[in-house]
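Colleague: Please take a close look at a single part of this model. Set out its geometry, what packs against it and which open space it borders.

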Amino acid sequence: MDERQKSAETQETARFLYKLALTILLILVVLLVIVSFNILLMVLAACLIALYFHGVARLIKRKMRIRLQWSLLISVLSSLVLICLLFWLIGARIQSQATELSNKFPSMVDQGKQQLSQSTIGRKVLDQFSGASSKKLSSSIQKFFSSTFGILGDIYVILFLGVFFTANPKIYKEGLLALVPPKGKPKGDAVLNLIGHNLTSWLKGKLFSMSVVAILTGVGLSIIGIPMVFALAIIAGIFNFIPNFGPVIAMIPAVLVALSQGTNTVLLVVALYILIQVLESNLITPTVQKKLVSIPPAMIIIGQLVVGALTGYLGIILATPVVLILIVLTKELYVKKQG
């Protein structure tokens with residue numbers, strides 16, 4: 001009996017130690033993910049760049065009926081040429097307008113304060129953003145734009161990784177599948193393909209909506225008579241990549257520019273931006289998402305708040321693809337398995 005009892009105690013101790021080690025390992029993995037989450041987001045951004053190049057390459061391959069390697073080369077080169085042409089054609093004008101906007105920004109802010117101080121509501125708004133509130137806002141903005149290697153360093157790393165992912169994505173996919181047990185490799189391969197398909201579809205819809213917003217903003221501001229149209233339209237299109245918060249940020253410089261032309265012009269600019277966002281949110285995006293991919297708006301906001309709190313500006317920008325990946329993983333690895 002003593003030997004059986006000792007054997008049972010030994011097995012119980014071994015099970016306890018195994019569970020303890022597994023728990024510690026899980027905690028370490030979670031901590032590692034939290035600490036390195038900003039790096040994972042940069043990898044995700046690089047994957048989006050590679051998906052863009054490969055998406056354009058597949059389109060070229062279907063139209064021209066050439067090998068994928070050649071279509072991929074054309075995709076990368078044509079994208080670079082298009083960017084260079086845009087900068088050559090309108091880059092100088094945008095640069096001059098952006099420089100003018102940057103130089104006038106402090107005076108525009110002062111003018112805005114003077115405009116607000118002329119009314120009771122405006123004075124209350126200024127009081128809210130003075131003193132401790134102003135310091136708190138500055139601290140929040142500084143935290144928002146913080147990142148692991150700095151913004152320029154992040155851009156360099158993202159582009160560098162994007163080139164490698166574009167050149168040979170298969171080797172990195174096989175590297176991920178090497179971490180999956182043999183029985184789960186077919187399922188893992190299917191899940192990775194589904195994630196890639198959904199991210200490509202989302203990226204198509206986002207690029208389309210960004211282009212439409214930039215065009216509508218440029219046309220609308222031209223009709224109103226606002227200067228620096230090209231710079232403001234490009235800003236609106238780029239910031240439309242960030243759901244919910246991006247359009248609000250893009251509207252700030254347009255409002256400051258409009259202050260020089262009076263309160264009525266400011267109201268027209270605000271109404272224009274609101275109208276464009278209403279059209280984008282209720283007409284353009286839903287129409288595109290019917291054919292591509294749909295994500296609940298509330299989940300995007302929650303994702304932006306959670307991921308943004310962990311990583312700063314990258315989390316705000318890339319919260320939507322993160323939510324999309326989590327939805328696919330939950331459906332494929334949990335919901336379907338339980339069903």
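Modeller: The part taken up here is helix 2, followed by the spaces around it. The model is predicted, so local features need pLDDT of at least 70 and side-chain atom pairs count only at pLDDT 80 or more, while totals for chains, interfaces and linings use all residues. Residues are numbered from 1 along each chain as its sequence is written, and side-chain values use heavy atoms, leaving out hydrogens and water.

Helix 2 covers residues 37-64 (helices are DSSP runs of H or I, at least four residues, numbered from the N terminus). At 1.5 Å a residue, its 28 residues should span 40 Å, and the end C-alpha atoms are 40 Å apart, so the two agree (the expected span is 1.5 Å times one less than the number of residues). Just after helix 2, arginine 65 takes a positive phi of about 55°.

Helix 2 packs against helix 12 (residues 297-311) at an angle of about 115°, with the axes 9 Å apart (axes are fitted to C-alpha atoms over the stretch in contact, and angles run from 0 to 180 degrees between N-to-C directions). Helix 2 supplies Phe37, Asn38 and Leu41 to this contact, and helix 12 supplies Val307, Leu310 and Thr311 (heavy atoms within 4.5 Å). Four of these residues are nonpolar, two are polar and none is charged.

Helix 2 also borders the second largest pocket, supplying at least two residues of its lining, as do helix 7 (169-177), helix 8 (185-224) and helix 13 (313-338). That pocket has a volume of about 2,000 Å³ (on a 1 Å grid, a pocket is an open set of points with protein on both sides within 12 Å along at least five of seven lines; lining residues have an atom within 4 Å of a point). It is lined by 48 residues, and those closest to its centre are Cys47, Leu192, Ile195, Gly196 and Leu199. Cys47 belongs to helix 2, whereas Leu192, Ile195, Gly196 and Leu199 belong to helix 8. By class, the pocket lining has 33 nonpolar, nine polar and six charged residues.

How values were computed: Ala, Val, Leu, Ile, Met, Phe, Trp, Tyr, Cys and Pro count as nonpolar, Asp, Glu, Lys and Arg as charged, and the others, Gly among them, as polar. On a 1 Å grid over the protein atoms alone, a cavity is a set of points where a 1.4 Å probe fits but cannot get out, and a pocket is an open set with protein on both sides within 12 Å along at least five of seven lines; lining residues have an atom within 4 Å of a point. Grid points are joined across faces, edges and corners, and a volume is the space filled by probe spheres set on the points.
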